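Student: I am new to this structure. Please take me through a single part of it, slowly enough that I can follow along.

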Amino acid sequence: MRILVTGKNGQLGRSIQNIVNTDTKIGNNQSPNDFIFIGREDLDLSSKSSISHYFDNNKFDLIINCAAYTQVDRAEQEAELANQINHLAVKQLASIASNQQSRLIHISTDYVFDGESNKPYLETDTPNPINVYSRTKLAGEKALQTVMPMNALIIRTSWVYSEYGNNFVKTMLRLGRERDELKVVSDQMGSPTYATDLAGIILEIIMHKKFRVVAQTTQIYHYSGEGEITWHEFAKEIFKLAEIDCKVSPISTQQYPTPAKRPRNTLMKKDKIVKVFNIKISNWKSSLITCMTLLKKQQ
Ligand SMILES: NC(=O)c1ccc[n+]([C@@H]2O[C@H](COP(=O)([O-])OP(=O)(O)OC[C@H]3O[C@@H](n4cnc5c(N)ncnc54)[C@H](OP(=O)(O)O)[C@@H]3O)[C@@H](O)[C@H]2O)c1
């Protein structure tokens with residue numbers, strides 16, 4: 001299989017690259033040379049012509065789309081750009097994948113839900129996004145399913161962090177070292193996802209015999225770390241592990257207004273992905289320890 005991974009400089013793209021480059025044989029005779037990682041300099045998803053031009057000259061068996069417009073607050077001001085990258089570009093990728101008879105794995109978000117449920121969300125639950133970013137991500141999911149009813153897979157994930165880029169863990173570590181006290185939201189529930197865990201799961205899926213069957217209906221799967229916490233609890237654990245002496249006080253969402261509204265509870269049920277691909281999900285705490293150990297080594 002010739003595999004294209006977009007968003008090579010993002011958290012997930014870099015995590016996939018890291019595994020591929022350190023694992024000399026990824027299973028099923030797949031070699032690191034079969035993977036092509038690209039960033040916006042080669043394929044700019046904000047430009048329709050850049051996308052068509054790139055695929056005029058390149059053909060793949062599988063596209064893993066890790067690129068996205070991910071700045072949730074800024075999207076409120078840049079709705080058109082977010083829509084182009086998260087919706088229209090995904091539609092175009094799906095159309096190209098369909099014409100090239102390639103498979104497509106696309107990443108979406110827990111934020112497609114409004115967070116008002118008191119139960120973890122199932123893949124079949126009705127989305128109801130409450131901010132611009134989430135609306136563009138949902139539009140991308142829907143366009144993909146329409147253009148490519150077969151041979152694609154959408155993975156919704158949540159609260160992604162890693163050693164790379166900007167994320168909650170790295171922000172907390174920085175702020176915790178600068179300040180004596182931080183106020184962190186304690187009424188939003190979710191499950192942190194270590195990008196390396198998600199990267200590993202994607203690689204497991206593409207090697208799985210169930211994925212390799214041709215002509216499959218396009219499916220949505222939920223995947224996140226195991227466990228349910230608030231941002232406040234997450235921050236407390238980060239400081240505990242890093243031995244940072246910073247008081248973390250709980251505040252409500254109302255006390256911490258942001259340009260984009262955030263859903264209150266975005267826990268997702270993951271039974272489907274576990275059952276279909278026979279995967280194991282790591283607990284958020286053990287994955288956080290792994291990530292923080294690597295971050296410490298980088299210091
Ligand atoms: N981060 C989260 O908490 C979270 C939660 C739920 C779902 N997700 C989803 O998970 C996926 C991976 O997220 P992530 O955390 O890895 O995101 P990320 O670190 O923000 O990476 C996104 C990548 O997309 C690239 N990109 C942005 N605009 C582009 C454009 N116009 N053309 C080409 N590439 C472009 C960025 O390129 P540059 O490096 O050049 O900017 C970046 O490398 C996304 O689909 C996201 O929506 C993320």
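Tutor: What follows is a close look at one strand, its partners, and the ligand shell that one of those partners helps to form. Keep in mind that this is a predicted model.

Start with strand S5, residues 152-157. Six of its six residues are buried, so S5 is largely enclosed by the rest of the structure. The cut-off behind that word is simple: buried means under 20% relative accessible area. Now look at the two sides. In a regular strand, side chains alternate between the two faces of the sheet. On one side of S5 are Ala152, Ile154 and Arg156, and these are buried. On the other side are Leu153, Ile155 and Thr157, also buried. Both faces of S5 are therefore covered. Arg156 deserves a second glance, since this arginine belongs to the buried set too.

Next, the neighbours. S5 pairs with strand S4, residues 103-109. The two run parallel, and six bridges join them. Find Thr109: its bridge partner in S5 is Thr157. S5 also pairs with strand S10, residues 219-222. That pairing is parallel as well, over four bridges. Here Arg156 stands opposite His222 of S10.

How does the chain get from S4 to S5? Helix H4, residues 132-147, is part of the answer. S4, H4 and S5 make a β-α-β unit, and the unit is right-handed.

Pause at the loop between H4 and S5, where Asn151 lies. Its phi is positive, about 70°, although Asn151 is not a glycine. Which class of exposure does Asn151 fall in? It is partly exposed, because its relative accessible area is 22%. The residue that begins S5, Ala152, is buried.

Now follow S4 and H4 to the ligand. Both of them supply at least two residues of the shell around the ligand, and so does helix H1, residues 11-22. Which element gives the largest share? S4 does, with three residues. In total, 24 residues surround the ligand. The closest are Arg40, Leu45, Thr70, Tyr133 and Lys137. By class, the shell holds eleven nonpolar, ten polar and three charged residues.

Some contacts can be traced atom by atom. An N or O atom in the side chain of Arg40 is 2.8 Å from an oxygen atom of the ligand. The side chain of Lys137 likewise places an N or O atom 2.8 Å from a ligand oxygen. Asp44 faces a nitrogen atom of the ligand instead, with an N or O atom of its side chain at 3.0 Å. On its own, the ligand has 910 Å² of accessible area, and the protein covers 83% of it.

One comparison rounds off the tour. Like Asn151, Asn278 has a positive phi without being a glycine. For Asn278 the value is near 55°. Asn278 sits in the loop between helix H9 (271-277) and helix H10 (284-298). Is Asn278 buried or exposed? It counts as exposed, because its relative accessibility is 63%.

So the picture runs from strand to ligand. S5 is buried on both faces, paired with S4 and with S10. S4 and H4, which make a right-handed unit with S5, also supply residues to the shell around the ligand.

Notes:
Residues numbered from 1 in each chain as written. Predicted model: local features only at pLDDT ≥ 70, side-chain atom pairs only at ≥ 80, totals over all residues. Heavy atoms only, no water. Near = heavy atom within 4 Å. Polar contact = N/O pair within 3.5 Å; in protein donor to acceptor, adjacent residues only side chain to side chain. Areas by Shrake-Rupley, 256 points an atom, 1.4 Å probe, with all protein chains shown as cover. Nonpolar A, V, L, I, M, F, W, Y, C, P; charged D, E, K, R; others polar. Buried < 20%, exposed > 50% of the residue type's maximum accessible area, 1.4 Å probe, protein only. Pairing = 2+ DSSP bridges. Right-handed = clockwise from strand over helix to strand, strands pointing away.
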